[in-house]
Amino acid sequence: MSNMIKTAIMCAALGFAGLLSLQTGPKATTVKVETPEKVTYAEHVAPIINKHCISCHRPGDVAPFSLVGFDAAKKQHTMIASAADAKRMPPWKAVEGYGDFKGENRLSAQEIAILKKWSIQNAARGDAKKEPPTPVFPKTEWSHGTPDKVLQLNKPFELESEGPDVYRNFVFDLGNTEDVYIKAMDVRPGNKAVVHHVIGFLDASGRSVQLEKNSPDDQDGYSSSGGGIGLIPSGALGGWAPGVMVQETEPGVAFKVSPGTKIVLQIHYHKSGKPERDQTKVALYYAKEKIERTQEIFWAANPMFRIPPGAKSHAVNWSTPLPADATIYTVMPHMHLLGKSMKAHVETPQGNKIPLVWVDSWDFNWQLVYTLKQPLEVKRGSKLVVNAVYDNSTENPNNPNDPPRPITWGEETTDEMALLVVGYSVNGGGRQRR
Ligand code: HEC
């Protein structure tokens with residue numbers, strides 16, 4: 001596996017796939033929608049908020065404020081309208097109709113129009129008797145059921161009050177003497193105020209143990225710069241971000257943890273303004289069925305780019321041939337703070353284009369793993385074709401440099417990446433597409 005990753009990165013590095021860099025931008029589309037003449041909370045807005053927002057925006061959950069009930073929603077009506085309009089919320093970034101995913105949470109053009117009109121019309125309540133009941137959320141610790149194994153940080157991780165984000169990697173060993181097959185991972189942040197996201201990596205090399213030993217501080221784990229874990233992982237169990245639903249691997253498919261392989265949990269911490277402690281827990285769900293294929297990750301990357309200062313829409317395009325017949329299960333676009341959009345498709349040897357994923361309003365804070373509704377079987381010789389666009393102008397509010405400077409590939413959050421992380425297995429099993 002690690003060879004395959006290296007090959008992928010090397011292929012991209014050597015320009016094997018014919019890299020090119022162009023100036024283009026995504027085209028804007030306008031959609032016409034019907035909205036009620038008089039929009040009310042009771043009849044039109046509450047159903048939208050209950051369906052799309054309060055899984056996170058309720059007391060005690062990840063979002064910073066509640067949107068449960070009329071008063072709470074009214075208080076935020078302008079913010080709701082602007083977040084919906086700009087597609088910042090709900091934080092589902094994949095463009096509708098380009099790829100089909102499990103657990104999608106997005107607003108339709110009509111729902112966005114309703115929220116905007118409600119705000120413009122001054123957020124009326126309407127007939128309170130028509131308000132739908134607030135959905136009830138289960139109070140169990142793990143929404144996915146009783147885990148087979150729970151990993152927990154040995155002791156709380158201490159976070160300072162201020163300063164840059166921390167990417168802390170905690171190293172676990174299942175102590176297994178035979179291969180363990182994992183179907184799903186779930187996460188319970190110990191401290192929701194600071195845990196931003198969590199990614200479970202696999203490290204077959206065991207180098208993570210050394211990195212922990214060499215860590216200059218005396219806390220558990222080791223820190224790394226934005227995104228990476230300081231080594232090339234041999235696999236990944238998936239990612240977790242607030243509100244994102246647990247996805248199991250397909251029947252007969254699982255992540256394999258061989259004896260000695262380390263699980264490296266990377267927790268991205270956001271400091272809160274006061275000293276905080278966190279003791280996050282992770283649940284693992286083991287396979288009960290016979291496993292025929294293991295799910296691995298493929299890094300389709302282009303590290304050979306230079307984004308000139310001032311460029312508003314700098315495109316970086318690349319394509320990476322798939323080294324074997326494969327089934328694709330998940331896709332995760334990855335860029336840093338200059339990222340604007342990323343679009344990826346598979347091109348078959350016959351020249352057919354199969355959409356994979358398109359994120360048209362990139363948000364560094366919401367990097368989601370998208371699970372394909374139908375696994376996609378692709379033949380060797382197919383290519384992953386990816387187009388990424390970056391904004392290195394002063395108009396990008398996230399640009400870490402003022403004035404902008406040329407930016408190339410690197411691990412720091414202030415460097416950039418052009419990377420599509422693909423969850424796949426060698427050999428078929430999914431739907432055949434030609
Ligand atoms: C997956 C969890 C989740 C869902 C679903 C969600 N939010 Fe949020 N929301 C958050 C978190 C976390 C923050 C604070 C961090 C941030 O801004 O990204 C936030 C911030 C916000 C903000 C303030 C920041 C901004 O971008 O304006 C608004 C307004 C908001 N949400 C509205 C909504 C609305 C409206 C919906 C439903 C249509 C929604 N959210 C759905 C998690 C969620």
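These exercises walk through a predicted model.

**Exercise 1. The iron site**

Find which protein atoms bind the iron atom of the ligand, and work out the arrangement of the donors.

Solution.
Step 1. Look for the protein donors. They are His57, through NE2, and Met89, through SD. Both lie 2.0 to 2.3 Å from the iron atom.
Step 2. Check the angles. Six donor atoms surround the iron atom, and they subtend angles of 85 to 179°. The arrangement is therefore octahedral.
Step 3. Place the pair along the chain. His57 sits in the loop between helix H2 (41-52) and helix H3 (70-75). Met89 sits in the loop between helix H4 (77-85) and helix H5 (109-120). The two are 32 residues apart, so the pair links distant parts of the chain.
Step 4. Compare with the cut-off: buried means under 20% relative accessible area. His57 has 10% relative accessibility, so His57 is buried. Met89 has 32%, so Met89 counts as partly exposed.

**Exercise 2. Two cysteines**

Decide whether Cys53 and Cys56 are buried or exposed, and state how many disulfides the model has.

Solution.
Step 1. Read the accessible areas. Cys53 has a relative accessible area of 14%, so Cys53 is buried. Cys56 is at 12%, so Cys56 is buried too.
Step 2. Apply the distance rule: a disulfide needs two cysteine sulfur atoms within 2.5 Å. The count is zero disulfides.

**Exercise 3. Helix H4**

List the buried residues of H4, say what covers them, and follow the chain past the helix end.

Solution.
Step 1. Pick out the buried positions. They are His77, Ile80, Ala81, Ala83 and Ala84.
Step 2. Explain the spacing. An α-helix has 3.6 residues a turn, so residues three or four places apart point the same way.
Step 3. Find the cover. H2, H3 and H5 are among the elements that cover these buried residues.
Step 4. Zoom in on His77. At 14% relative accessibility, His77 is buried. Beyond four places in sequence, His77 touches Trp118, Ser119, Asn122 and Ala123.
Step 5. Move just past H4. There Lys87 takes a positive phi of about 60°.

**Exercise 4. Cores and domains**

Name the domains, and show which of them feed the largest nonpolar core.

Solution.
Step 1. Divide the protein. It has domain 1 (2-25 + 295-429), domain 2 (41-130) and domain 3 (149-293).
Step 2. Find the largest nonpolar core. It holds 41 residues. Those touching the most other members are Ile328, Val331, Leu356, Val357, Tyr370, Leu384 and Leu420.
Step 3. Trace its sources. Domain 1 and domain 2 each give at least three residues to this core. Tyr370 makes a good case to inspect. Its contacts include Trp92, Phe101, Tyr329 and Val357.
Step 4. Look for another core. One of 26 residues lies apart from the largest core, and includes Phe157, Leu159, Val198 and Ile263.
Step 5. Relate domain 2 to domain 3. Their centres are 31 Å apart, taken over C-alpha atoms. Six residues of domain 2 are in contact with six residues of domain 3.

**Exercise 5. A loop residue**

Locate Phe364, and say which residues it touches.

Solution.
Step 1. Place the residue. Phe364 lies in the loop between E19 and E20.
Step 2. Test burial. At 13% relative accessibility, Phe364 counts as buried.
Step 3. List the contacts beyond four places in sequence. Phe364 touches Tyr167, His268, Met335, His336, Leu337 and Thr413.
Step 4. Check one distance. Phe364 and Leu338 are 26 residues apart along the chain, and their C-alpha atoms are separated by 8.8 Å.

How values were computed: Residues are numbered from 1 along each chain as its sequence is written. This is a predicted model: local features need pLDDT of at least 70, side-chain atom pairs count only at pLDDT 80 or more; totals for chains, interfaces and linings use all residues. Side-chain values use heavy atoms; hydrogens and water are left out. Donors are N, O and S atoms within 2.8 Å of the metal (3.2 Å for Na, K and Ca); water is not among the atoms, so sites may look incomplete. Four donors count as tetrahedral if all angles lie between 85 and 135 degrees; four count as square planar and six as octahedral if opposite donors are over 155 degrees apart and all others between 65 and 115; anything else is irregular. Helices (H or I, at least four residues) and strands (E, at least two) are DSSP runs, numbered from the N terminus. Buried means under 20% relative accessible area, exposed over 50%, partly exposed in between (1.4 Å probe, protein chains only). Contact means heavy atoms within 4.5 Å. A nonpolar core is a set of buried Ala, Val, Leu, Ile, Met, Phe, Trp, Tyr and Cys residues joined through side-chain atoms within 4.5 Å. Domain bounds come from an automatic or database domain assignment.
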